[in-house]
Amino acid sequence: MPEGDTVWNTARVLQRALAGARLTGSDFRVPQLAATDLTGWTVRESASRGKHLLLRLTAPTGRDAAASRRDWTLHSHLRMDGAWRAYAPGERWAGRPAHLIRVVLRSPGAVAVGYHLHELALIPTAEEESLLGHLGPDLLGPDWDPDEAVRRLAAHPDQSIGEALLDQRNLAGVGNLYKCEVLFLRGVSPWTPVGAVPDLAGTVALAQRLLAANRGRWTQSTTGVLRRGGTSYVYGRRAQPCRRCGTAIRKDELGDRVTYWCPVCQPECERRGTSTNP
Ligand SMILES: [Zn+2]
């Protein structure tokens, strides 16, 4: 499940593979960029913002192009199923089926292949904000600002905390896995209105710690256990016993997503304003 940590890791893979390199070829397999050729362009850097990937490029010197107009950003979003892989030149592309390839970027030292990417677009770097300005503070970004994240969450006290944590306008980087796990660890039902969550700052801080702990590895674990079947408390564990109380974990709809939770460890509050942690 690509969440903020996966996107952060992916940005680092692309940074190592391509940063500083001059592209020797590109192959876009999406209609909107089918005519685009990035041969001769230089990769400045790869970055992530929440769940968005930003590959910043410099166009070759043209006769008229002012320096500020040569800076472009290749934007992509992984959503549920996208991925970037970097291969050595000549290495077999073993990542995913070829029909999922949306773009190939070649450099002398590496080939980057983007699979099933969403929102693939080439925009002037100066216009990144128009694409990303709505995002809340990035849990893994240099701009991480927990107070601002709490302020944005608290601005909608009637929204369920389960939906509010997924809303990237509040804070950027939490997906369904971390949402479910954070709320379990805080003992808060996903249906609790934001205004009734006992310690929003503590909830936000825990989300940041869980994502940060998974930087640099592809296995997402909130339990500290990395072996298969042991990596989560509730996410993906419907009908299995809660690791704390033994009750069967439940899976229910919340908004347009599913949520996993323990009905005993995360009691539903009776009404708005009732603390779930008396
Ligand atoms: Zn439990």
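**Exercise 1. Cysteines**

Task: In this predicted model, decide whether C262 is buried or exposed, then place C245 on the scale as well.

Solution: Start with C262, whose relative accessibility is 0%. Buried means under 20%, so C262 counts as buried. Now take C245, which has 34% relative accessibility. Partly exposed covers the range between 20% and 50%, so C245 counts as partly exposed. As a last step, look for disulfides: a pair of cysteine sulfur atoms has to lie within 2.5 Å, and the count by this rule is 0.

**Exercise 2. An open sheet**

Task: Work out in what order the strands of the open sheet are arranged, and which of them stand at the edges.

Solution: The sheet has 4 strands, and their order is β2-β3-β4-β8 with antiparallel pairing. Strands β2 (42-49) and β8 (118-124) each have a single partner strand, so they stand at the edges, and one side of each is left without a neighbour in the sheet. Neighbouring strands are turned against each other by 15 degrees on average, with direction ignored.

Next, zoom in on one pair. β4 (residues 71-77) pairs with β8 through 5 bridges, in the antiparallel sense. Your landmark here is H77, whose bridge partner in β8 is H118. To finish, add the helix: α1 (residues 4-18) lies across β2 and β3 (52-58), and runs at about 170 degrees to β2.

**Exercise 3. Two packed helices**

Task: Describe how α3 and α6 pack, giving the angle and the axis distance.

Solution: Two numbers come first, because packed helices are described by the angle between their axes and the distance between the axes. Helix α3 (residues 146-154) meets helix α6 (residues 200-213) at about 125 degrees, and the axes are 10 Å apart. That angle falls outside the roughly perpendicular range of 65 to 115 and is not over 145, so α3 and α6 are oblique to each other. The crossing of α3 past α6 is right-handed. For the contacts, find P146, A149, V150, L153 and A154 on α3; they meet L200, A201 and V204 on α6.

**Exercise 4. Positive phi**

Task: For H116 and A239, find where each one lies and how accessible each one is.

Solution: Keep in mind that most residues other than glycine have a negative phi. H116 has a positive phi near 45 degrees. H116 sits in the loop between β7 (111-115) and β8, and at 22% relative accessible area H116 is partly exposed. A239 has a positive phi of about 75 degrees. A239 belongs to the loop between α6 and β9 (250-254), and its relative accessible area of 57% makes A239 exposed.

Key. Residues numbered from 1 in each chain as written. Predicted model: local features only at pLDDT ≥ 70, side-chain atom pairs only at ≥ 80, totals over all residues. Heavy atoms only, no water. Buried < 20%, exposed > 50% of the residue type's maximum accessible area, 1.4 Å probe, protein only. Pairing = 2+ DSSP bridges. Axes fitted to C-alpha atoms, helices over the stretch in contact; angles between N-to-C directions. Contact = heavy atoms within 4.5 Å. Parallel < 35°, antiparallel > 145°, perpendicular 65-115°, else oblique. Left-handed = near helix turned anticlockwise from the far one by under 90°.
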